[in-house]
Amino acid sequence: MEFQIDKKDGKARACTIKTQHSTIKTPVFMPVGTVGSVKALDALDLATFIQPEIILANTYHMYIRPGDDVVAKMGKLHGFTRYPKSFLTDSGGFQAFSLSKNVKIDEGGITFASHVDGSKHYFTPKKVIDIQHNLGSDIMMILDDLSSSTCNARTHSL
């Protein structure tokens with residue numbers, strides 16, 4: 001992967017990211033394909049009208065269903081979806097925030113109670129990387145930590 005800053009204006013910057021699958025100019029519109037597909041759009045709509053260089057796939061949701069092992073056997077995200085360009089996979093950090101009633105956070109990682117069947121799953125940074133390797137991610141986020149809009153430095157901690 002290559003990363004280049006093309007232009008700066010104050011604290012803003014425009015960049016080029018080159019992955020194995022595409023060249024991404026930032027800032028960029030990145031559609032969310034939670035389980036590998038962008039809701040309400042088929043592959044033809046994506047290829048013809050939206051033409052995104054990158055799609056966000058959700059590590060937690062891909063792990064829960066259909067399973068990162070299933071996706072790996074089908075040629076990773078690119079084979080599973082037939083989408084030829086880049087994928088960014090998030091880490092489960094947003095789900096730790098949005099599914100907080102089903103989550104327990106400790107020093108080593110996050111325990112999720114599956115929203116599908118209630119089964120318990122422990123995400124550590126290493127496990128998240130292993131899942132994302134199975135998914136064939138071009139850009140990986142590793143256990144990002146989100147806080148609420150009402151949070152301040154004294155109330156937020158893992």
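Student: Which residues of β6 are buried on one side, and which on the other?

Tutor: This is a predicted model, and in it S86, L88 and D90 lie on one side of β6, with F87 and T89 on the other, every one of them buried. Both faces of the strand are covered.

Student: What makes β6 "mostly covered"?

Tutor: Just count: five of the five residues in β6, residues 86-90, are buried. To earn that word, a residue has to have under 20% relative accessible area.

Student: How do you know that β5 and β6 pair?

Tutor: Pairing takes at least two bridges, and β5 and β6 have five, running parallel. So by that cut-off they count as paired strands. One of the links puts A57 opposite T89 of β6.

Student: And what makes β6 and β10 a pair?

Tutor: Here there are two bridges, in the parallel sense, and at least two are needed, so β10 (residues 139-140) qualifies too. T89 turns up again, with M140 as its bridge partner in β10.

Student: Why is V28 called partly exposed?

Tutor: Its relative accessible area is 36%. Buried would need under 20% and exposed over 50%, so V28 falls in between. As for where V28 sits, look in the loop between β3 (23-26) and β4 (32-33). Its C-alpha atom is 8.6 Å from that of I54, which is 26 residues away along the chain.

Student: Which residues have the most contacts inside the largest nonpolar core?

Tutor: L77, F112 and F123, in a set of 21 residues. Elements giving two or more residues to this core are β5 (54-58), α2 (59-64), β8 (109-113) and α6 (125-135). The largest share, four residues, comes from α2. Another core lies apart from it, with six residues, including I17, I24, L56 and I139.

Student: What is F112 in contact with, leaving aside its neighbours within four places in sequence?

Tutor: Among them are Y60, G92, Q95, A96 and F123. For each, the test is heavy atoms within 4.5 Å, so F112 meets it with these residues.

Student: What kinds of residues line the second largest pocket?

Tutor: Nine are nonpolar, four polar and three charged. A43, L46, I55, Y83 and P84 lie nearest its centre. Helix α1 (residues 43-50) gives the most to the lining, with three residues.

Student: How much space lies in that second largest pocket?

Tutor: About 260 Å³.

Key:
Residues numbered from 1 in each chain as written. Predicted model: local features only at pLDDT ≥ 70, side-chain atom pairs only at ≥ 80, totals over all residues. Heavy atoms only, no water. 1 Å grid on protein atoms, 1.4 Å probe; cavity = no way out; pocket = protein on both sides within 12 Å on 5 of 7 lines; lining within 4 Å. Points joined across faces, edges and corners; volume = space filled by probe spheres on them. Nonpolar A, V, L, I, M, F, W, Y, C, P; charged D, E, K, R; others polar. Core = buried A, V, L, I, M, F, W, Y, C linked by side-chain atoms within 4.5 Å. Buried < 20%, exposed > 50% of the residue type's maximum accessible area, 1.4 Å probe, protein only.
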